[in-house]
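Subject: Structure for you to look through

Dear colleague,

I am handing over the structure we talked about, and I would be glad if you could open it beside this message. Please read slowly and find each part for yourself as it comes up.

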Amino acid sequence: MEGCKDSPLVTRFPGGAIHSCENKEYKQGDFPISDSDTKHLEGECHYWDYGTREGVNDIQVFRNLQTALKNGGFTIDYTSSPGARVGHKGATWIYIDNKGTFYYQTIITVKEMQQEATADASSLAGETEKSGHVAVYGINFDAGKAAILPSSEKALNEIVKLLKQNADLKLRVERHTDNQGNAAANQALSEKRAQAMVAWLTAHGMAATRLTAKGLGQTKP
């Protein structure tokens, strides 16, 4: 297929061809990890539809690709011979769905989405007046850490404007996490991040008496 390039992790089966491909900055997918369970993944995603050469059977393709993954340092998380196999190496997951004469290969490198749109103070005020709460996007942290990234300042400055324009307004700053990893660790992380946001706001002139911090972890998706 014009414009498609081979997977950087696993070479195509010799003599095969790329029927189609897709590359996305951010996408979600569910990879099988047992006969009855899947793992939900979100991040950078690459997909290929590979055709195999004439005369090749499904078990031949399955064994070759399985060995290629192991030799590449991947942990094999699930196999369903001669069809699917799922493996991962670090944050990179690969799912190969084998049909014999062709196979699908999907790679997702797990990462947090970079929020690129933020609301202004007036829209934040309108939503808080209407519903009593508002979701604020664009406040970013490195994975597993509670230090606010510089890219968050635009959104945080809009909260400062909101507080300055509404002198009687008090806010409870809530922070969430996803459901990956340990629930107790996620809860602690969300609390530290909420506290970091309150600390940033007070450092920029907001009275501490107008702000409280609340971590919600993975309890309120």
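Below I go through the sheet, then the cysteines, and then one of the helices.

Please keep in mind throughout that this is a predicted model.

The sheet is a good place to begin. It is an open one, made by six strands that follow one another in the order β1-β2-β6-β5-β4-β3, and the pairing between them is antiparallel. At its edges lie β1, which covers residues 17-32, and β3, which covers residues 75-80, and each of these two pairs on one side only. If direction is ignored, neighbouring strands of this sheet are turned by 15° against each other on average. In general, the strands of a sheet pair through backbone hydrogen bonds, and they may do so in a parallel or an antiparallel way. To follow one such pairing in detail, you could look at β1 and β2 (residues 38-51), which run antiparallel to each other over 13 bridges; there you will find P32 standing opposite T38 of β2.

The edge strand β1 also leads us to the cysteines, since C21 lies in it. The structure holds one disulfide, and it is formed by C4 and C21, whose sulfur atoms are 2.1 Å apart. The torsion about their S-S bond is about -90°, and therefore the disulfide is left-handed. The bond links distant parts of the chain, because C4 sits in the segment before β1 while C21 belongs to the strand itself, 17 residues apart. With a relative accessible area of 17%, C4 falls under the 20% cut-off and so counts as buried, whereas C21, at 25%, is partly exposed. A further cysteine, C45, takes part in no disulfide, and the nearest cysteine sulfur, that of C21, is 12 Å away from it. C45 has a relative accessibility of 4%, so it counts as buried.

Finally, I would like you to look at helix α3, which has 13 residues, 153-165. How far apart should its ends be, at 1.5 Å a residue? The expected span is 18 Å, and the end C-alpha atoms are indeed 18 Å apart, so the two values agree. Within α3, the residues A155, L156, E158, I159, V160, L162 and L163 are buried. Among the elements that cover these buried residues are α2 (121-131), β7 (171-176), α4 (183-203) and β8 (211-217).

With best wishes

Terms used: Residues numbered from 1 in each chain as written. Predicted model: local features only at pLDDT ≥ 70, side-chain atom pairs only at ≥ 80, totals over all residues. Heavy atoms only, no water. Helix = DSSP H or I, 4+ residues; strand = E, 2+ residues; numbered from the N terminus. Expected span 1.5 Å × (residues − 1). Buried < 20%, exposed > 50% of the residue type's maximum accessible area, 1.4 Å probe, protein only. Contact = heavy atoms within 4.5 Å. Pairing = 2+ DSSP bridges. Axes fitted to C-alpha atoms, helices over the stretch in contact; angles between N-to-C directions. Disulfide = S-S within 2.5 Å.
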